[in-house]
Amino acid sequence: SLIPQVLGDSLFQTALSLKTPEGKTIAAQLRINYHKRTHEQYLYLSASLLPDQQYALSIPRSSWRYKNGQWNDSIYLDFYYTDETATGNINFTISGTETNQSYLMELRNAEQELVFDSRFDADKTFTIRHLAPGVYRARVIVDANKNGQYDTGDYYNKRQPETILQYAKEITVRANWDLDLDLSLKRIEKK
């Protein structure tokens, strides 16, 4: 895993390019957060954006250096910005985990597209922000071999598929709403 040279919050502004489809440049800052425990890196963009607009973000290679001496690769991202009041949030509180067990949390939209996933090992709270209004389904996978993905069974090796705990109810997200859900793994239906 690559670790940024500067741990903690870092601000980058020089090489960043944020533009509208018309080519207008928008002033922006990029903050890089590094989570020491999980070794995950998050990029946060700070800019004055207009809602319901398309934008193009460009970060050239060698904008920052990782601890191992490598430089970042080029990043190009086209995205559509929606005002926060047009989206909803879900706060999941998961309880009933077992000691020395790994789990995968998944949230899928009505088209069964994965919109959120995360690995966890103990009772946890997830906040999923900026979800489009609509219907979602949640499930938790018991990651028996702790490889971070769902594994199907293997008939020849006599291995059962990993257990899926499906949250029985559809989850309806509304614009400008926060939804709090408690998921007890001991009460969720196994599939």
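Two strands pair if DSSP finds at least two bridges between them. Strands (E, at least two residues) and helices (H or I, at least four) are DSSP runs, numbered from the N terminus. This is a predicted model: local features need pLDDT of at least 70, side-chain atom pairs count only at pLDDT 80 or more, and totals for chains, interfaces and linings use all residues. Residues are numbered from 1 along each chain as its sequence is written, and side-chain values use heavy atoms, with hydrogens and water left out.

**Exercise 1. Describe the protein chain as a whole.**

Solution.
- Start with secondary structure. The protein chain has 15 strands and zero helices.
- Next, burial. Buried means under 20% relative accessible area, exposed over 50%, and partly exposed in between (1.4 Å probe, protein chains only). Of the 191 residues in the protein chain, 33% are buried.
- Then contacts, meaning heavy atoms within 4.5 Å. Take the contacts between residues at least 6 apart in sequence: 59% of them join residues at least 24 apart.
- Finish with the surface, computed by the Shrake-Rupley method with a 1.4 Å probe. The accessible surface comes to about 12,600 Å², and carbon and sulfur atoms hold 46% of that.

**Exercise 2. Find the partners of strand S7 (88–95), and give the sense of each pairing.**

Solution.
- Take S10 (residues 124–131). S7 and S10 run antiparallel and are joined by six bridges. Within this pairing, asparagine 91 stands opposite threonine 127.
- Take strand S14 (178–184). S7 pairs with S14 in the parallel sense, over seven bridges. Here asparagine 89 faces aspartate 178 as its opposite residue.
- Check the cover. Six of the eight residues of S7 are buried, so S7 is largely enclosed by the rest of the structure.

**Exercise 3. Do the same for strand S8 (103–109).**

Solution.
- S8 is joined to S9 by six bridges, and the two run antiparallel. Arginine 108 has leucine 114 in S9 as its bridge partner.
- Look at the connection. S8 and S9 form a hairpin with four residues between them. In the turn, glutamine 112 has a positive phi of about 65 degrees.
- On to S11 (134–142). S8 pairs with S11 over seven bridges, in the antiparallel sense. Tyrosine 103 is opposite valine 142 in S11.
- Cover again: six of the seven residues of S8 are buried, leaving S8 mostly covered.

**Exercise 4. Locate the largest nonpolar core and say which strands supply it.**

Solution.
- Fix the term. A nonpolar core is a set of buried Ala, Val, Leu, Ile, Met, Phe, Trp, Tyr and Cys residues joined through side-chain atoms within 4.5 Å.
- Count. The largest core has 23 residues. Ile90, Phe92, Ile94, Met105, Leu107, Val140 and Ile171 have the most contacts inside it.
- Assign strands. S7, S8, S9, S10, S11, S13 and S14 each supply at least two residues of this core. S11 gives the largest share, four residues.
- Keep the other core separate. Apart from the largest core lies another, of twelve residues, including Leu16, Leu18, Leu30 and Tyr55.
- Zoom in on isoleucine 94. Beyond its neighbours within four places in sequence, isoleucine 94 contacts Met105, Phe120, Asp123, Lys124, Phe126, Val140, Leu183 and Leu185.

**Exercise 5. Sort two aromatic pairs by geometry and by burial.**

Solution.
- Set the cut-offs. Rings of Phe, Tyr and Trp (its six-membered ring) pair if their centres lie within 6.5 Å; planes under 30 degrees apart are stacked, over 60 edge-to-face, and the rest tilted.
- The whole structure yields five aromatic pairs. In one of them, phenylalanine 120 and phenylalanine 126 have ring centres 5.4 Å apart and planes at 75 degrees, so this pair is edge-to-face.
- Both of these rings belong to buried residues: phenylalanine 120 at 3% relative accessible area, phenylalanine 126 at 5%.
- Tyrosine 155 and tyrosine 156 are also edge-to-face, at 5.5 Å centre to centre and 80 degrees between the planes. Here tyrosine 155 is exposed at 72%, and tyrosine 156 is exposed at 74%.
- Widen the view. Tyr103, Phe116, Phe120 and Phe126 form one aromatic cluster.

**Exercise 6. Place two non-glycine residues with positive phi.**

Solution.
- Histidine 130 has a phi of about 60 degrees. Histidine 130 lies in S10 and is partly exposed, at 44% relative accessible area.
- Lysine 158 has a phi near 55 degrees. Lysine 158 lies in the loop between S11 and strand S12 (164–166) and is exposed, at 77%.
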